[in-house]
Amino acid sequence: MKKHFSLLLLLALSLAAVPQAQFAQEPAQAVDTTTRPVEKQIKRVFEFSADGVSFSNEFDGARLNSVARFGDGQYMITITPENAPINPSPWYAFKVWAKKKKEISIRLVYPEGSRHRYDPQLSTDGRKWKYLDQSFITEIEKGTGTSGPSSRPKSIVMRLQIGRKPLWVSAQELTNSTSVFAWIAKTARKKKAAVEDIGRSIEGRPLRMLKFGDLDSKKNILIISRQHPPEVTGYFAMQAFVDELLGGSKLSKQFRREYAVFVIPLMNPDGVDNGHWRHNMGGIDLNRDWTTFNQPEGRQVSEFLKKREAETGGKFYFGIDFHSTWNDIYYPMTPDNPGNMPNLVQDWLVAIKKALPGYEPNIQANNRLLPAIVSRNYFLASHGMEAIVFEIGDNTPRDFIKKKGEVGAIELMKLMLEGTKPTGKKP
Ligand SMILES: [Zn+2]
């Protein structure tokens, strides 16, 4: 039965994952978000006595579906998604070690239709990461495109120096629920923010919210990230953005006296801890479920928003959803869809461009509000939030991500405190 399902999965993937030119744009067509089956990984240690080499996926965020040895120190690791069809962003993460110091090679194998997306990062403690040097990577069937999946190789072979101490190998810096909740706790402690669980995922993990500012204010903003598990760089931008809102500047303090800020850093904790490519434990892309709310994660956020508005008589003025893709992109709505603070997002993008000399923001505005199946459209259509999807490239330098998050927060706070006499200038 299990094997049968895997074969079907591979077949569905090969049919579904045809390379598309419009790889980054969010489609507006309604999709069925009824719960579908998910194939869970078998968690175990894979031991190869011939080489004294072991692999493990026994940690949250791991993805390693099977390992095969095909020669002295030569391995093949198969990575499959949680179900299909699925957006082909193959996530992987595993540990490997050897009884004696040894060099091994690992070939990653993805289902037909998926290409290699994330270059490996290594860690000895699961916290500090660095990219495996390119000289240890051999690309298989190089990409021919200039951007998106077609620009990437079909797969890679990586050479690793391993020893007794487990080496972590991960598609991006491993940032599982333990790591996110530790950041939330540290931020709450150091910056005097409050923490509230507003609901639970299918597997019972908390939907944990950080809240700060004037919590009695009628003026609110909402920040979310990680609907899509592998999108760690968007999460990094969210962290820098939130840190700046919580900072010690005069501007930040004034902002916190006027606004209440609500942050949900981990929208899809089950997907993240199960090493999913995209979906939640209901087998669904959460960012297509903001109208029907068949899945608990988005539904509980919408219940929170309604409750907050009803209890305080207040409004949400701004909503931002952090993601990652091939490049840095801003996806606002066009100004002909005004919310509670018209032109805020357009003016904000102008201000960001000004504040980062030499930086040309990639802005792709959307004019179709309905059906509001993605978070941004729901935020605007149902709550009047000026809303945006903030996308960070997979490989954007980490210090620039931080800078963009900080600058974004500073410029937003300035505009939102001006009481806004927005100009509506086009970026
Ligand atoms: Zn995303």
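Helices (H or I, at least four residues) and strands (E, at least two) are DSSP runs, numbered from the N terminus. By that count the chain has nine helices and 18 strands. The radius of gyration, taken over C-alpha atoms, is set against a globule rule of 2.2 Å times the number of residues to the power 0.38. The chain is as compact as a globular protein of its length, because its radius of 22 Å is close to the 22 Å that the rule gives for 427 residues.

This is a predicted model: local features need pLDDT of at least 70, side-chain atom pairs count only at pLDDT 80 or more, and totals for chains, interfaces and linings use all residues. Residues are numbered from 1 along each chain as its sequence is written, and side-chain values use heavy atoms, with hydrogens and water left out.

Buried means under 20% relative accessible area (1.4 Å probe, protein chains only). Contact means heavy atoms within 4.5 Å.

| Whole-chain property | Value |
|---|---|
| C-alpha box along the principal axes | roughly 70 × 40 × 40 Å |
| Buried residues | 58% of 427 residues |
| Contacts joining residues at least 24 apart, among those at least 6 apart in sequence | 77% |

Helix 7 covers residues 344-355. Its end C-alpha atoms are 16 Å apart, which agrees with the 16 Å expected for 12 residues at 1.5 Å a residue. The expected span is 1.5 Å times one less than the number of residues.

Helix 7 is mostly covered, with nine of its 12 residues buried. Among them are W348, D347 and Q346. The buried residues pack against helix 3 (232-245) and helix 9 (398-417), and against strands 16 (315-325), 17 (329-332) and 18 (386-393).

Definitions and conventions. Buried < 20%, exposed > 50% of the residue type's maximum accessible area, 1.4 Å probe, protein only.
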